[in-house]
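Work through these short exercises with the structure in view. Try each task before you read its solution.

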Number of protein chains: 2
Amino acid sequence: MSKLPLRLLSTLFIASIALPSAPVAGADEAKPTMSIAELREMASSLFGTIPDKMPGSDQDTPAQIELGRQLFFETMLSENKTQSCNTCHRIDENLGGVDNEPTSPGAFGDRGGRNAPTVLNAGFHIAQFWDGRAADLVEQAKGPILNPIEMAMPNPELVLERLGKSEEYKKSFQRAFPDADGKISYDHVAQAIAAFERTLITEDRFDDFQTGDDSALSTAELRGLETFLTVGCTACHNGPMMGANTYQKIGLVNPYVNTQDLGVYEVSKSEDDKFKFKVPSLRNIGLTAPYLHDGHVWTLGEVVRQMAWMQLGRRLTDQEADDITAFLHALSDKERAAKQVE
Amino acid sequence: MSKLPLRLLSTLFIASIALPSAPVAGADEAKPTMSIAELREMASSLFGTIPDKMPGSDQDTPAQIELGRQLFFETMLSENKTQSCNTCHRIDENLGGVDNEPTSPGAFGDRGGRNAPTVLNAGFHIAQFWDGRAADLVEQAKGPILNPIEMAMPNPELVLERLGKSEEYKKSFQRAFPDADGKISYDHVAQAIAAFERTLITEDRFDDFQTGDDSALSTAELRGLETFLTVGCTACHNGPMMGANTYQKIGLVNPYVNTQDLGVYEVSKSEDDKFKFKVPSLRNIGLTAPYLHDGHVWTLGEVVRQMAWMQLGRRLTDQEADDITAFLHALSDKERAAKQVE
């Protein structure tokens with residue numbers, strides 16, 4: 001124990017809590033067993049970095065992206081003109097592409113049954129929604145607008161009618177889809193939104209580490225990476241998204257207490273799909289509380305413990321859980337994470 | 001930010017994490033709005049201290065208590081002689097009267113559906129078990145011994161037969177129940193265990209605070225007490241046990257995701273009792289993870305957030321949740337908490 005006066009020590013303690021997430025390594029802090037080079041090699045082989053282009057983005061024009069951006073923030077897309085895409089998938093600069101609600105209130109205040117997933121990097125996912133029922137961003141974008149407890153538009157025609165009354169939108173659609181002879185279609189609405197969403201790619205410290213920056217991660221984060229790599233998390237959380245590439249059953253070893261939401265089964269009606277969900281990407285997970293498909297878990301340290309118990313039958317020590325949690329925070333978009341700390 | 005070298009600062013940071021839970025107040029740390037005297041008055045009127053005698057203990061003799069202690073650790077009380085009361089309700093000196101399992105494996109390895117509650121202070125509760133189906137400690141003690149997925153004894157007679165073969169137990173029962181003419185009854189087994197359990201009373205820093213020690217709680221703990229008193233927790237968590245005196249519905253405002261366990265309804269079959277459980281006592285809550293009747297929540301900070309959301313429809317800020325969590329740790333038995341830190 002330090003011999004400094006308690007008062008000085010405690011002041012320092014408080015000061016140090018307020019440190020941003022930049023690496024801080026104590027002289028006597030436990031180091032991971034693997035070397036940095038070994039950790040990097042293993043990480044790169046199991047994950048890799050977030051690509052700098054999203055599938056399908058080659059065809060996106062600046063005019064489509066700009067129209068998509070307008071539409072993403074357009075409250076006319078909800079029946080009572082209260083909600084836009086951004087109401088639930090908030091891309092405000094200090095947020096993680098979500099509203100941080102357990103489940104989101106729709107235009108008329110009712111909440112859906114599932115947690116709104118982040119729109120950041122979403123185009124890298126195997127499919128859209130927790131159950132993958134939309135193949136891609138275009139198909140996804142068409143859903144919430146017409147969902148009665150989300151944006152609640154009665155039909156696509158009303159969307160087109162509202163947008164068609166705006167001279168500005170008419171011009172934007174003309175620029176974005178010059179071959180459409182000035183006609184606005186629901187498909188174009190979705191295509192433009194998707195084009196904009198394909199620009200929402202994040203950059204984090206873990207990728208800095210993967211690409212060679214030895215100081216990108218703190219010692220605790222490196223320990224967390226090692227624990228993550230060795231306890232079994234990577235069975236599901238792998239690839240550049242660290243997930244989002246397979247469907248897995250929640251409660252594989254120890255059952256999840258929510259037995260009401262049957263996951264992919266509700267789409268496929270196949271027994272094998274009961275309680276299966278798209279494995280969430282862990283990119284930006286530190287920004288997207290609360291957690292799980294039902295948004296029932298508020299803290300990252302808790303969901304780390306719950307997943308280890310449910311999926312791996314493993315009780316993490318506090319050290320292991322804290323280290324993994326520290327590591328997961330290194331997967332947050334650097335700019336957004338910095339804005340959250342301020 | 002301090003001007004000390006980063007390396008020294010981080011070493012202090014690590015050192016300060018390892019501090020025991022003794023009060024540490026920073027010079028510039030936010031104080032509660034209420035004065036210490038006001039907090040004490042409000043606390044004393046809503047809670048009060050843990051009594052130093054348990055109801056019914058006046059009749060307990062030292063011989064009964066000693067027999068109860070033996071029986072509490074007696075593995076003969078389980079069919080395959082592997083489990084005692086202490087297997088799930090562990091009173092080892094550094095534990096909180098529980099096994100810290102989500103649900104406890106029984107003699108043959110199967111797990112029950114509910115989290116084993118602490119035996120510490122249990123005799124102060126309105127009734128026993130999560131659903132209150134046993135009126136008192138005597139009735140409770142008879143349950144697990146015969147429960148097929150707990151200690152799994154086929155009938156009380158086998159319990160008496162096993163104990164009756166021991167000369168030592170025969171003498172102990174004779175001393176504890178001199179009027180029984182040397183006969184051992186199942187009721188006496190339960191009475192002795194209950195007599196021992198009535199000695200399991202804890203002492204915590206919060207009671208030191210209530211009885212006049214101004215320095216018993218840290219500033220964070222005082223803030224947590226104030227938050228606890230003002231956000232609505234005391235609607236259910238009141239009285240000396242800070243709970244354990246009423247039955248309440250889990251998911252009062254926002255539903256709990258576990259809809260399989262119907263709580264008191266499973267005993268009463270009354271619609272009003274669906275999802276009702278005995279409100280847990282918060283005494284020693286910091287020692288009794290994991291939490292809730294299904295043991296699904298691993299961390300105290302998480303369950304504080306979940307309860308505020310479910311019962312009060314309130315999202316706590318991180319500061320509020322952290323403060324309440326700090327305060328709840330002041331409800332841990334002083335000796336046991338000290339042993340856990342070591």
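**Exercise 1.** Are Arg223(B) and Asp323(B) buried or exposed?

Solution. This is a predicted model. Step one: take the cut-off, under 20% relative accessible area for buried. Step two: apply it. Arg223(B) is buried, and Asp323(B) is too. Step three: look at their contact. The two form a salt bridge, with the closest N and O atoms 2.9 Å apart. Step four: place them in the chain. Arg223(B) sits in helix H10 of chain B and Asp323(B) in helix H13, 100 residues apart.

**Exercise 2.** Find what Asp261(A) pairs with, and place both partners.

Solution. Step one: the side chain of Asp261(A) meets that of Arg114(A) in a salt bridge, 2.8 Å from N to O. Step two: Asp261(A) lies in the loop between strand E1 and helix H11 of chain A, while Arg114(A) lies in the loop between helices H4 and H5. They are 147 residues apart. Step three: both are buried. Step four: widen the view. Shared partners join Arg114(A), Asp131(A), Arg133(A), Asp261(A) and Glu266(A) into one network of salt bridges.

**Exercise 3.** Classify the residues of the Lys53(B)–Asp58(B) salt bridge.

Solution. Step one: the closest N and O atoms are 3.4 Å apart. Step two: exposed means over 50%. Lys53(B) has 54% relative accessibility, so Lys53(B) is exposed. Asp58(B), at 59%, is exposed.

**Exercise 4.** How many disulfides are there over all chains?

Solution. Step one: the count is zero. Step two: check Cys88(B). The nearest cysteine sulfur belongs to Cys85(B), 9.2 Å away. A disulfide needs two cysteine sulfurs within 2.5 Å, so Cys88(B) is in none.

Methods:
Residues are numbered from 1 along each chain as its sequence is written. Chains are lettered from A and ligands numbered from 1 in the order in which they are written. This is a predicted model: local features need pLDDT of at least 70, side-chain atom pairs count only at pLDDT 80 or more; totals for chains, interfaces and linings use all residues. Side-chain values use heavy atoms; hydrogens and water are left out. A salt bridge is a side-chain nitrogen of Lys or Arg within 4 Å of a carboxyl oxygen of Asp or Glu. Helices (H or I, at least four residues) and strands (E, at least two) are DSSP runs, numbered from the N terminus. Buried means under 20% relative accessible area, exposed over 50%, partly exposed in between (1.4 Å probe, protein chains only).
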